[in-house]
Amino acid sequence: MWSYDKKLEYPIKIKNPNPRMAKYIITQYGGPDGELGAAIRYLSQRFSMVTPQAKATLNDIGTEELAHLEMVGTMVKQLTENASIDEIKRADLGGYYSDHDKAVYPVSASGVPFTAAYLQSKGDPITDLTEDMAAEQKARSTYEFLINLADDPDVIDPLRFLREREVVHFQRFGEALRIVEEYLNSTKFFPVKTPGTMKK
């Protein structure tokens, strides 16, 4: 069960519209390495984890990714909300506007709609946690690329926060992987009764 705190995890107050930047940032909403895929991936994989710590890590980070999805959606909305039609056209967002107006819709920066093919839930905890570490690194890279494209401090600041959270998530998944490997490598002994030692 989740409880929702009605505020963003990190404040976002973008004053200047910039639909071109919104077109780039939306990839972290519904793109291949975005927050929607991360949330679904982790909240699905948690069911296959073999230790309580790993389950809790997947649950915690999957939940936080939903908060990041909310942040990215807020950024896209604020960047497009007061943009004129001419600004939308100049940003090459005419096709998006035709389909969605200024709504937030899960697509990549190149306009490909979100697909579950972006993520995996393999059922093997080592495989899944290793994939999760890679996913966090890909998201970190994407945020760094977005920061390189941005020139507005109101945009750069929350992007930096999101990038840093990817680093923390990578570290937490590394810890969970170590715990799971130790658990799976531990030898378990169970007493075996042979027919000659059984009581009649």
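## Exercises on an all-helix chain

In this chain, 79% of the contacts with a separation of 6 or more join residues 24 or more positions apart. The model is predicted, so please work through the exercises with that in mind.

**Exercise 1. Describe the secondary structure and the overall dimensions of the chain.**

Solution. Start with the elements: there are eight helices and zero strands. Read along the sequence, they give the pattern α-α-α-α-α-α-α-α. Next, turn to the dimensions. The C-alpha trace spans about 90 × 30 × 30 Å along its principal axes. A compact globule of 200 residues would have a radius of gyration near 16 Å, whereas this chain has 22 Å. Finally, look at the surface: about 11,400 Å² is accessible, and carbon and sulfur atoms hold 55% of that. Of the 200 residues, 38% count as buried.

**Exercise 2. Check whether the span of helix α7 agrees with its number of residues, then work out its surroundings.**

Solution. Helix α7 covers residues 125-149, which makes 25 residues. At 1.5 Å a residue the expected span is 36 Å, and the end C-alpha atoms lie 36 Å apart, so the two values agree. Now move to the start of the helix. There, a side-chain oxygen of Asp-124 comes to within 2.9 Å of the backbone nitrogen of Ile-126. Then list what is buried: the residues of α7 in this class include Pro-125, Leu-129, Met-133, Glu-136, Tyr-143 and Ile-147. Last, ask what covers them. The cover includes α1 (19-25), α2 (27-30), α3 (35-45), α4 (52-80) and α8 (153-185).

**Exercise 3. Find where the nonpolar cores lie and which helices supply them.**

Solution. Begin with the largest core, which has 29 residues. Those with the most contacts inside it are Met-21, Ile-25, Met-75, Leu-79, Val-155 and Leu-159. Helices α1, α4, α7 and α8 each supply at least two residues of this core, and α4 gives the most, with six. To see how the parts meet, follow Ile-25. Leaving aside neighbours within four places in sequence, Ile-25 is in contact with Val-72, Met-75, Val-76, Leu-79, Leu-146, Val-155 and Leu-159. There is also a second, separate core of 13 residues, with Tyr-42, Ala-54, Ile-61 and Leu-177 among them.

**Exercise 4. Decide whether Thr-80 is buried or exposed, and name the residues it touches.**

Solution. First place the residue: Thr-80 lies in helix α4. Its relative accessibility is 8%, and the cut-off for buried is under 20%, so Thr-80 counts as buried. Not counting residues up to four places away in sequence, Thr-80 touches Pro-19, Ala-22 and Lys-102.

**Exercise 5. Compare the backbone and the accessibility of Asp-92 and Asp-101.**

Solution. Recall the background: most residues other than glycine have a negative phi. Asp-92 has a positive phi of about 60 degrees although it is not a glycine. Phi of Asp-101 is positive too, near 55 degrees. Now locate them. Asp-92 is in the loop between α5 (85-90) and α6 (94-100), and Asp-101 is in the loop between α6 and α7. For the last step, apply the cut-off of over 50% for exposed. With a relative accessible area of 55%, Asp-92 is exposed. Asp-101, at 45% relative accessibility, counts as partly exposed.

Notes: Residues numbered from 1 in each chain as written. Predicted model: local features only at pLDDT ≥ 70, side-chain atom pairs only at ≥ 80, totals over all residues. Heavy atoms only, no water. Helix = DSSP H or I, 4+ residues; strand = E, 2+ residues; numbered from the N terminus. Expected span 1.5 Å × (residues − 1). Buried < 20%, exposed > 50% of the residue type's maximum accessible area, 1.4 Å probe, protein only. Contact = heavy atoms within 4.5 Å. Polar contact = N/O pair within 3.5 Å; in protein donor to acceptor, adjacent residues only side chain to side chain. Rg over C-alpha atoms; globule rule 2.2 N^0.38 Å. Areas by Shrake-Rupley, 256 points an atom, 1.4 Å probe, with all protein chains shown as cover. Core = buried A, V, L, I, M, F, W, Y, C linked by side-chain atoms within 4.5 Å.
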